[in-house]
Amino acid sequence: MKLTRKLKWMSLKFLSIFSVVRGYNIAVVVLAQYLSAIFIFGSQTRAITVLTDIHLFLIIISSSLAIASGYIINNFYDTEKDLINRPFKSSIDKKVSKETQFKIYFLLNFLSVALAWLVSFKAAFFYAVYIFILWFYSHKLKKYPIVGNITASFLVLLPFFGILMHFQNFSWGIFAHGFYLYLIILIREFVKDLENLKGDFANNYQTIPVRFGSDISKYLICFLIILTLIPAYALITFYEVGYMQYYFYVSSGLLLAFIIFLFQAETQSDYKKLHILLKLIIILGVLSIVLINPQVIINGKQLVQPFLS
């Protein structure tokens, strides 16, 4: 009985930490980083070479630790807001004390920079700056309209910039991919503001829905959705994206349908569903990266068979 209680206590603690650091989001980021490293950034390199690159591994682990620490500090500053917007998640997060969360926060930051140092001084400096910006965003920037949204979306993409610097593979196609993803993430940030309107208003977060109203926010989201058609068209027309072109067709169609649902949305539950749809589009985008080149070779063997040929 005593052992059972201890296991239950440990499970709750683990679940709480996993919730605070958004472990599910970090898992998606790690997958996205490896897939983009193989099929986009390191597309001219053998897949086995990319997968066994110890420096790439350290860069991805460093970014994962930095992101986890960013979620912890963001959770600290959003405690009061989340009590209104996410009461169930807040109850789980409270299973681990703030003091313990801070200890984990500093440990993760130290490990992130230390592991990056094993790659190079520049890498360590990059992640030290990244950690600082994560803190500054949570402490100050997120309370301001547009600036907070732009910064939050930029912070999601920064870890991929670390991989870009590692491979030194600069091309307009890569930036077009990045711009498309950035726009979808930015749309997601604006939808989150609509979803979290009650908590933001109660805690004086000057988001666009709080300061200018929900309708202005919706029109801005519509503008961004139309803007996504530009990089999508460019990638399909001018760059070799393989079968990933079908992802851009599907995602563009979903985003245009999204506009209809957006103007019908009124409750937090409605905005939550739209938020989930955007997450689905992002996850599908991550998985669709393998379609850019469906004949990746590992040790002389084809990793993925072309299924549309």
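1. Let's start with Lys272, which is partly exposed, with a relative accessible area of 36%. Keep in mind as you look around that this is a predicted model. Lys272 has a partner: its side chain meets that of Glu195 in a salt bridge, 3.8 Å from N to O. What links distant parts of the chain here? The pair does, with Glu195 in helix 10 and Lys272 in helix 15 (residues 268-288), 77 residues apart. Glu195 itself is buried, at a relative accessible area of 6%.

2. How many salt bridges does a search of the whole structure find? Three. If you're new to the idea, side chains of opposite charge can pair when their charged atoms come close. You've just met one of them, Glu195 with Lys272, and the next two points take up Lys192 with Glu189 and Glu99 with Lys103.

3. Stay with helix 10 (residues 172-195) for a moment. Lys192 forms a salt bridge with Glu189, and their closest N and O atoms are 3.5 Å apart. These two sit three residues apart in the helix, so about one helical turn separates them. Are they buried or exposed? Glu189 is buried, with a relative accessible area of 8%. Lys192 has 19% relative accessibility, and it counts as buried because the cut-off is under 20%.

4. Now hop over to helix 7 (residues 98-117), where Glu99 and Lys103 are four residues apart, so about one helical turn lies between them. Their side chains meet in a salt bridge at 3.7 Å, N to O. Both residues are exposed. Here's a handy rule for spacing like this: an α-helix has 3.6 residues a turn, so residues three or four places apart point the same way.

5. Helix 4 (residues 54-77) is worth a look too. It has 24 residues and reaches 35 Å from its first C-alpha to its last, close to the 34 Å expected at 1.5 Å a residue. The helix is mostly covered, with 17 of its 24 residues buried. Which residue caps its N-terminal end? That's Asp53, with a side-chain oxygen 3.0 Å from the backbone nitrogen of His55.

6. Last, a backbone angle to check. Ile146 has a positive phi of about 65°, although it is not a glycine. For background, most residues other than glycine have a negative phi. Where is Ile146? You'll find it in the loop between helix 8 (121-139) and helix 9 (147-167). Ile146 is partly exposed, with a relative accessible area of 39%.

Key. Residues numbered from 1 in each chain as written. Predicted model: local features only at pLDDT ≥ 70, side-chain atom pairs only at ≥ 80, totals over all residues. Heavy atoms only, no water. Buried < 20%, exposed > 50% of the residue type's maximum accessible area, 1.4 Å probe, protein only. Salt bridge = Lys/Arg side-chain N within 4 Å of Asp/Glu carboxyl O. Expected span 1.5 Å × (residues − 1). Polar contact = N/O pair within 3.5 Å; in protein donor to acceptor, adjacent residues only side chain to side chain.
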